Amino acid sequence: MKKLVLVLFVGLLGFSLTAQDKAAKIKFKTETVDYGEIEKGADGIRIFEFTNTGDAPLIISKVSSSCGCTIPKKPEDPILPGKTGEIQVKYDTNRVGPIRKAITVISNADTPTKVLKIKGEIKAPEGR
């Protein structure tokens, strides 16, 4: 009886390990977006492109910013293996000065938390 229980346990353990083999993987084209020098009031929207390089659907559950001046937007639908997606980031360009912000992406990927960065500088228009 003990051998039967042991064989069943090992079999179930092996089954649960193979069931975990498939995983989503998120690969960003770049993990930092540089706005460079832009004028106050300029277009503050930038895109982080990524690909699901895994073999299971990628689900992005949450995208948050380090401040209220940056509004990230995540894809609502799962990203299938081999497909690409994007995270849109909108920065409030009415704030003059340097940009140094982090965007945290939480997903079901093998690396569940990724931190993206935006940087740059917003200049006041000349002659004002």
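The points below go through the fold, the sheet, the aromatic pairs, the core and one glycine of this predicted model.

1. Overall make-up. The secondary structure of this protein consists of one helix and eight strands, and, read from the N terminus, the elements follow the order α-β-β-β-β-β-β-β-β. Of the 128 residues in the protein, 28% are buried, while the exposed surface comes to about 8500 Å², with carbon and sulfur atoms supplying 56% of it. Among contacts with a separation of 6 or more, 66% are between residues 24 or more positions apart.

2. The open sheet. Four strands make up an open sheet, arranged in the order 1-3-6-5 with antiparallel pairing. Its edges are strand 1 (26-28) and strand 5 (70-73), each of which pairs on one side only. On average, and with direction ignored, neighbouring strands of this sheet are turned by 30° against each other.

3. Strands 3 and 6. Within that order, strand 3 (residues 45-52) and strand 6 (residues 84-91) run antiparallel and are joined by seven bridges. For a reader who wishes to check the register in the coordinates, I45 is a convenient place to begin, since this residue stands opposite K90 in strand 6.

4. The tilted aromatic pair. The structure contains two aromatic pairs. One of them is formed by F28 and F50, whose rings are 5.5 Å apart centre to centre with 55° between the planes, an arrangement classed as tilted. Because F28 lies in strand 1 and F50 in strand 3, this pair ties together parts that are 22 residues apart in sequence. F28 and F50 are both buried.

5. The edge-to-face pair. Y35 and Y91 form an aromatic pair of the edge-to-face kind, with 6.3 Å from centre to centre and 65° between the planes. This pair, too, links distant parts of the chain, with Y35 in strand 2 (residues 32-39) and Y91 in strand 6, 56 residues apart. Burial applies to both partners here as well, Y35 and Y91 each being classed as buried.

6. The nonpolar core. In soluble globular proteins, nonpolar side chains tend to be buried together. In this model the largest nonpolar core has 23 residues, and I87 and I118 are those with the most contacts inside it. At least two residues of this core come from each of strand 1, strand 2, strand 3, strand 4 (60-65), strand 6, strand 7 (97-107) and strand 8 (113-123).

7. Surroundings of I118. What is I118 in contact with, once its neighbours within four places in sequence are left aside? The partners are V33, Y35, F48, T70, V89, Y91, I99, R100, K101 and I103. Both members of the edge-to-face pair, Y35 and Y91, are thus found among the contacts of I118.

8. G120. This glycine has its place in strand 8, and is G120 buried or exposed? Its relative accessibility is 10%, and the cut-off for burial is under 20%, so G120 counts as buried. Although G120 and R100 are 20 residues apart along the chain, their C-alpha atoms are separated by 7.0 Å. With neighbours within four places in sequence again left aside, G120 is in contact with D34, Y35, G36, P98, I99 and R100. Of these partners, Y35, I99 and R100 also appear among the contacts of I118.

Definitions and conventions: Residues numbered from 1 in each chain as written. Predicted model: local features only at pLDDT ≥ 70, side-chain atom pairs only at ≥ 80, totals over all residues. Heavy atoms only, no water. Pairing = 2+ DSSP bridges. Axes fitted to C-alpha atoms, helices over the stretch in contact; angles between N-to-C directions. Phe/Tyr/Trp six-rings, centres within 6.5 Å; stacked < 30°, edge-to-face > 60°. Buried < 20%, exposed > 50% of the residue type's maximum accessible area, 1.4 Å probe, protein only. Core = buried A, V, L, I, M, F, W, Y, C linked by side-chain atoms within 4.5 Å. Contact = heavy atoms within 4.5 Å. Areas by Shrake-Rupley, 256 points an atom, 1.4 Å probe, with all protein chains shown as cover.
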